[in-house]
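User: Could you take me on a close look at one part of this protein, the central sheet and what packs around it? I'd like a connected account that I can follow with the model open beside me.

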Amino acid sequence: MPRYAQLVMGPAGSGKSTYCSTMVQHLGTMNRSAHVVNLDPAAEHFDYPVMADIRELISVEDVMEDPSLRFGPNGGLVFCMEYFANNFDWLDESLGHVEDDYILFDCPGQIELYTHLPVMKQLVDQLQQREFRVCGVFLVDSQFMVESFKFLSGVMAALSAMVLLEIPQISIMTKMDLLSPKSKKEIEKYLDPDMYSMMEDSTDHNRSKKFRNLTKAICGLVDDYSMVRFLPFDRTDEEGMNIVLQNIDFCIQYGEDLEFKEPKEVDEESGDLNYDEAFQDKDS
């Protein structure tokens, strides 16, 4: 059977670790098992149990303290990820091989990893060779997306990761629970945006004719081909989390080996159905 993976990406501070923690808890309420692998060698704290932690292999702190390397924080992180790419055997040993695994990979936030460095693409290739169905989950802080020109920047970052990794991708606006009611209403237009009207809203920032033409071309690409759409993620909203999870599961075809059968019990008085064991594995 295949295994399943979410590659949780996004800029620093976009809520990747919080997303992983919340999603694992949500899956637990659905009686679905999920694990998290920390791939951020600069991580300091996370509130979820890890299946594997890259810091056991290499950490930014160790690299920065090595007098022969003399890297700063960004250079150290890139060095760590390149070292990881040359030691994928460590990941194999950490993951083992359990059928029907569902794993969230909590990735670093450095944008270089999703624009031109090959490390994350190499990771995707390695996972796919190991029978993982991989979906990219690109997070952007909703508090950052409340202006048109910032929204376009977020769209371009998500699009860059999509083009580099060549995997199905779900783009998510996080921290919706931190927005004021007024901001929540304002941000609704960015969930299913009209890119051309958005460009008109940004004219004050686009005084250069050359810049307006470039923005128009970008808006046309995104709008005409429906390249990027965002889903809201509010960790206090059970229904919203279900919608996010359903979209991801659809991308990786989770549950295609399950078949529906008639429920075993019916409560004659209330007419309620007992859906326990309503799904079973075809191979069982």
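**A close look at the sheet**

Analyst: Let's begin with one pair of residues: Val37 has Phe105 of strand 4 standing opposite. A neighbouring match in strand 4 is Leu104, the bridge partner of Val36. Both belong to the pairing of strand 2 (residues 35–38) with strand 4 (residues 102–106), which is parallel and runs over four bridges. Please keep in mind that this is a predicted model.

Strand 4 has another partner as well. Strand 1 pairs with strand 4 in the parallel sense, here over five bridges, and Ala5 finds its bridge partner in Ile103 of strand 4. As general background, strands of a sheet pair through backbone hydrogen bonds, in either a parallel or an antiparallel way.

Stepping back, these strands belong to an open sheet of seven strands with parallel pairing, in the order 3-2-4-1-5-6-7. At the edges are strand 3 (52–53) and strand 7 (230–232), each of which pairs on one side only. Helix 10 (residues 238–252) packs on this sheet, where it touches strand 1 (3–9), strand 4, strand 5 (132–141), strand 6 (169–174) and strand 7. The direction of helix 10 makes about 145 degrees with that of strand 5.

How covered is strand 4? Five of its five residues are buried, so strand 4 counts as mostly covered. In a regular strand, side chains alternate between the two faces of the sheet. For strand 4, Tyr102, Leu104 and Asp106 lie on one side, Ile103 and Phe105 lie on the other, and all of them are buried. The residues we started from in this strand, Leu104 and Phe105, are thus on opposite sides.

Further along the sheet, strand 6 tells a similar story. Six of its six residues are buried, with Gln169, Ser171 and Met173 on one face and Ile170, Ile172 and Thr174 on the other. Strand 5 is paired with strand 6 in the parallel sense over six bridges, and within that pairing Val137 stands opposite Ile170.

Following the chain out of strand 6 leads to the loop before helix 7 (181–187), where Leu179 is found. Leu179 has a relative accessible area of 11%, which is under 20%, and therefore it is buried. Leaving aside residues up to four places away in sequence, Leu179 touches Ser142, Gln143, Lys184 and Ile187. There is also a long step in sequence to consider here: Leu179 and Asp234 are 55 residues apart along the chain, and their C-alpha atoms are separated by 9.8 Å.

Another residue to inspect is Val155, in helix 6 (residues 148–165). Its relative accessible area is 1%, so Val155 is buried too. With residues up to four places away in sequence not counted, Val155 touches Val222, Val228 and Phe230, and Phe230 lies within the range of strand 7. The C-alpha atoms of Val155 and Val140 are separated by 9.1 Å, with their positions 15 residues apart along the chain.

Now back to helix 10, which also meets another helix. The axes of helix 10 and helix 1 (residues 16–29) come within 11 Å and cross at roughly 95 degrees, so the two helices are roughly perpendicular to each other. Helix 1 contributes Tyr19, Thr22, Met23, His26, Leu27 and Thr29 to the contact, while helix 10 contributes Glu238, Met241, Asn242, Val244, Leu245 and Ile248. Sorted by class, this contact has seven nonpolar, four polar and one charged residues.

How does this part sit in the whole? The protein has ten helices and eleven strands, and buried residues make up 44% of its 284 residues. Of the contacts between residues at least 6 apart in sequence, 72% join residues at least 24 apart.

Finally, a word on confidence. The mean pLDDT of the protein is 85, and 86% of its residues reach 70 or more. Over residues 260–284, however, pLDDT stays under 50, and the model has 28 contacts beyond four places in sequence for that stretch. Where pLDDT is low, predicted coordinates should not be read in detail.

Key: Residues numbered from 1 in each chain as written. Predicted model: local features only at pLDDT ≥ 70, side-chain atom pairs only at ≥ 80, totals over all residues. Heavy atoms only, no water. Pairing = 2+ DSSP bridges. Contact = heavy atoms within 4.5 Å. Axes fitted to C-alpha atoms, helices over the stretch in contact; angles between N-to-C directions. pLDDT = per-residue confidence, 0-100. Parallel < 35°, antiparallel > 145°, perpendicular 65-115°, else oblique. Nonpolar A, V, L, I, M, F, W, Y, C, P; charged D, E, K, R; others polar. Buried < 20%, exposed > 50% of the residue type's maximum accessible area, 1.4 Å probe, protein only.
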